[in-house]
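Q: Could you walk me through one part of this model in close detail? I would like to see how a single strand sits among its partners and what lies around it.

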Amino acid sequence: MGAATHETVARVALALPATTHVVQWGGHDVYKVGGKVFAIAGDNALSFKVSEIGFMALTEGGPARQAPYLAKGHWVIVDLSDVDEADVADWIATSHQLIAAKLTRKARAELGLG
């Protein structure tokens, strides 16, 4: 697979269950599950949530850096042109899972997320 693009992000994110898309924050593509953000694509970059271990792995010698304003919550940002589509697909799916897991049991059930 080649370098990731905004089209890659949209295709992968919108294929995940209960995903919605809005354009906000200065024209950024924002992907949400249950009203909670799990990925933000803007300019040539992608921001997404990771686990604490993922945060360390991706920012310490990996392709990511701390996402501005969101690093405390273990969010990272990558330049799309520097990363492979397969990695982006994995990162977006993991971010979706992490955010969906924070929803209430009732919300997850209503969204069909079990």
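A: Happily! In this predicted model, strand β3 and strand β4 (residues 45-49) pair in the antiparallel sense, with four bridges between them. Within that pairing, A39 stands opposite F48 in β4. The two strands form a hairpin with two residues between them, and D43 in the turn has a positive phi of about 50°.

Now turn to the other partner of β3. Strand β2 (residues 28-33) also pairs with β3 in the antiparallel sense, over five bridges. Here V33 stands opposite K36 in β3. β2 and β3 form a hairpin too, with two residues between them, and G34 in its turn has a positive phi of about 60°.

What about burial? Strand β3 spans residues 36-42, and six of its seven residues are buried, so the strand is largely enclosed by the rest of the structure.

One residue to follow from here is H96, which is found in helix α3 (residues 85-102). Leaving aside residues up to four places away in sequence, H96 touches L16, P17, T19, V33, F38 and L113. V33 in that list is the residue that stands opposite K36 in β3. H96 has a relative accessible area of 5%; the cut-off for buried is under 20%, so H96 counts as buried. Its side chain also has a polar partner: a polar atom of the H96 side chain lies 2.8 Å from the backbone oxygen of P17, and P17 is among the residues that H96 touches.

Terms used
Residues are numbered from 1 along each chain as its sequence is written. This is a predicted model: local features need pLDDT of at least 70, side-chain atom pairs count only at pLDDT 80 or more; totals for chains, interfaces and linings use all residues. Side-chain values use heavy atoms; hydrogens and water are left out. Buried means under 20% relative accessible area, exposed over 50%, partly exposed in between (1.4 Å probe, protein chains only). Two strands pair if DSSP finds at least two bridges between them. A polar contact is a pair of N or O atoms within 3.5 Å; within protein, one must be able to donate a hydrogen and the other to accept it, and residues adjacent in sequence count only if both atoms are side-chain atoms. Contact means heavy atoms within 4.5 Å.
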